[in-house]
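Thanks for passing this one along. Here are some friendly notes on its aromatic side chains, for reading next to the model.

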Amino acid sequence: MTTVTAAGARSVNLAPTSMGMLINIDNGGTLTDICVIAGERIYYTKTLTTPYDLSQCFIDGLKKAATVVYGEERVRDLLRHTDCIRYSTTQGTNALVERRGPCLGLILAQHMSASALRDSAVGGEMLAALVGERIAQIDSQLADDAYDAALVQVVNILSEAGASRLVVSLSRARDEVRFKRVWLRRFPRHLLGAVPVLFSHEIADDPDDARRTWTALFNAFLHPAMEHFLYHAEHILRDHKYLHPLLIFRNDGDSARVAKTIAIKTYSCGPRAGLEGARALAANYGLARLISLDVGGTTTDIGVVEANVIRSRRRGEVEGIPVSFALSDIASIGAGGSSIITVRDGEIGVGPQSAGAAPGPACFGLGGSEATITDVFLLLGVFDPASFFGGEITLDRQRAEGAVSKLAEALGLCLESALLAIERAWVTKIAAAISAHVQIGSGAAAVAFGGAGPLAACAVAEQVGIRRVIIPGLAAVFSAFGIGFSDIAQHYEARLSEPTEAGLQATLAELLQRAQRDMFAEGIELAQCTRELRLLRLRNGVETVVALDGKPALPPGMQPGDQLSLSLRAVKALAHATLAPPGAPPSGSAVAGGTRRVRLDDGWRDLPVFNVAAQPAGATGAGPAIIEEPFFTCRVPAAWRFDFKAGGDIVLESEPREES
């Protein structure tokens with residue numbers, strides 16, 4: 001049995017390794033989660049995210065992690081015994097959502113039109129926010145002197161228009177190479193006021209001009225904030241005598257050091273981490289389809305694992321705009337524990353605005369005055385004001401009631417009726433997003449995690465027709481735990497100069513050279529890595545992927561006009577945690593540690609409260625009930641049963657309903 005206070009510890013199985021401790025950090029919009037894998041133990045904790053200075057919650061998290069491991073803030077000891085720190089952050093995602101970043105200038109080839117970037121309402125709005133009117137064109141056919149003059153003119157025009165960074169997107173890579181050569185000669189980097197320039201083909205060798213341009217624009221927009229914070233975090237680690245590079249967990253499921261990670265790869269990396277954990281969970285339970293429900297303070301992220309594969313898109317989308325890289329197929333909505341509740345024209349709105357951790361929900365007593373779903377569940381009696389967040393935050397009922405009462409008045413309802421209506425609106429919004437994102441089908445299960453994931457997971461599942469919900473043993477920090485399934489890897493893709501065997505071999509040699517250089521910078525020899533090769537064929541706008549085993553060769557059935565690209569993934573495996581088998585012999589009924597008065601649809605009821613740490617494997621129980629641990633609370637409705645598994649997971653299943 002595990003004793004859990006303001007943090008937690010849990011036994012796990014690890015693959016044999018001689019490595020020291022592994023630290024995973026998932027920086028969310030409201031909370032930052034820390035998970036430390038030390039031998040056969042996992043320690044975990046949380047700290048409030050400090051959006052005004054992310055380095056503050058970074059070091060706060062390390063201090064809390066050291067405290068739960070050693071009993072005191074021995075950060076240097078923690079780092080001295082740590083071989084790997086992997087970090088994911090929502091900084092990039094939030095910057096795009098809030099349109100908070102540098103003023104970009106865009107330089108296109110003479111024949112390329114910005115209208116292709118505005119082919120949708122979201123594309124037009126995004127281009128206006130990131131670039132505005134700072135768009136110019138250059139004719140790559142100009143002779144040298146004329147070209148030099150044209151380049152200087154467009155750079156000066158865009159700089160004078162306020163561009164602090166320039167993105168160059170020309171159809172051919174060699175045209176960008178020419179631009180870069182002239183730009184470096186005409187605007188040497190030591191020149192005061194020189195503007196950084198990013199070249200689209202250096203980010204992605206994608207034949208689709210619009211998609212490649214957007215990829216470069218997003219990367220340029222995200223880069224400054226990410227660069228500033230992540231290098232600052234590395235300085236903090238060096239000051240504490242940490243000898244290894246900080247690794248960034250990316251949205252492709254792999255990790256790499258800061259200097260070898262491009263900014264756009266941090267977009268939506270937190271949700272991907274949760275899906276990595278969900279994939280391991282699905283394999284452990286033998287589930288063919290698992291729907292992940294990651295509910296944090298700001299958003300709910302919905303993903304799917306099918307046949308042990310994370311559902312992804314070959315060309316992903318950022319804010320609804322196609323980009324050159326693959327991304328997990330995740331639906332993200334503004335419905336989290338800190339989502340602000342509004343009433344307009346008698347209709348209840350949930351998010352997308354969030355109170356975050358600062359000032360936070362009204363009940364936090366940190367200056368927030370607007371009602372959130374946390375205030376609602378507090379007043380419904382689901383939360384214990386004294387034990388919330390491991391007892392580190394004492395919730396204020398009076399402040400919560402003051403905030404929600406304004407909404408009740410706007411709805412023309414009494415306070416209790418308003419609370420139930422707001423809860424239904426929150427649940428319905430999440431359920432509707434699940435139904436829109438995935439066809440449920442029979443046999444599908446859900447995994448609910450994040451600080452607010454388990455809270456009303458059963459109610460959400462009922463609405464969409466799911467009868468089985470799993471709350472993983474590390475639900476509160478499951479995305480941070482999921483980072484632990486990543487390896488150090490680099491991905492490369494390049495178009496063949498010519499669709500011949502010679503062209504294929506030349507491209508492969510180029511990619512291997514890049515991989516050797518980059519993995520060496522990670523402190524790894526390429527010979528230590530496994531390699532995965534794929535050939536991508538573009539024909540009539542349709543792209544097909546061919547896995548290459550053994551010696552690379554051109555695919556059969558080549559046709560004139562086919563465009564080929566080669567993809568290489570170089571991987572150095574790290575130690576992964578393995579989940580304990582879920583089976584456990586029945587050990588009797590779960591033991592309640594008391595009761596809590598909770599408002600249900602049919603009135604106030606005294607519900608039994610089951611503390612997770614006090615339950616032996618195999619213990620079972622039935623709703624209505626409350627299940628909780630320091631960092632999450634789950635309300636179990638009537639007609640649902642729950643089972644505490646050997647690995648610490650909680651499996652909830654609804655009883656079949658009789659047909660009327």
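The points below go through ring pairs, a ring cluster and charges over rings.

1. A word on the source: this is a predicted model. A pair of aromatic rings is described by the distance of the centres and the angle of the planes. The structure holds 15 such aromatic pairs.

2. One of the pairs joins Phe58 and Tyr87, with ring centres 5.6 Å apart and planes at 70 degrees, an edge-to-face arrangement. This contact links distant parts of the chain: Phe58 belongs to helix H1 (residues 54-70) and Tyr87 to strand S6 (residues 82-89), 29 residues apart. Phe58 has a relative accessible area of 2%, so this residue is buried. Tyr87 also counts as buried, because its relative accessibility is 2%.

3. Next, please look at Phe610 and Phe642. Their ring centres lie 5.2 Å apart with the planes at 65 degrees, so this pair is edge-to-face. Distant parts of the chain are linked here too: Phe610 is in strand S31 (residues 603-611) and Phe642 in strand S35 (residues 640-644), 32 residues apart. Both residues, Phe610 and Phe642, are buried.

4. Which residues join Trp426 in one aromatic cluster? The partners are Phe364, Phe377, Phe383 and Phe388.

5. Finally, two arginines deserve a look. Arg74 lies over the face of Tyr70, 4.2 Å from the ring centre. For Arg178, the charged end sits over the ring of Tyr147, at 3.8 Å from the centre of that ring.

Definitions and conventions:
Residues numbered from 1 in each chain as written. Predicted model: local features only at pLDDT ≥ 70, side-chain atom pairs only at ≥ 80, totals over all residues. Heavy atoms only, no water. Phe/Tyr/Trp six-rings, centres within 6.5 Å; stacked < 30°, edge-to-face > 60°. Helix = DSSP H or I, 4+ residues; strand = E, 2+ residues; numbered from the N terminus. Buried < 20%, exposed > 50% of the residue type's maximum accessible area, 1.4 Å probe, protein only. Lys NZ or Arg CZ within 6 Å of the ring centre and 35° of its normal.
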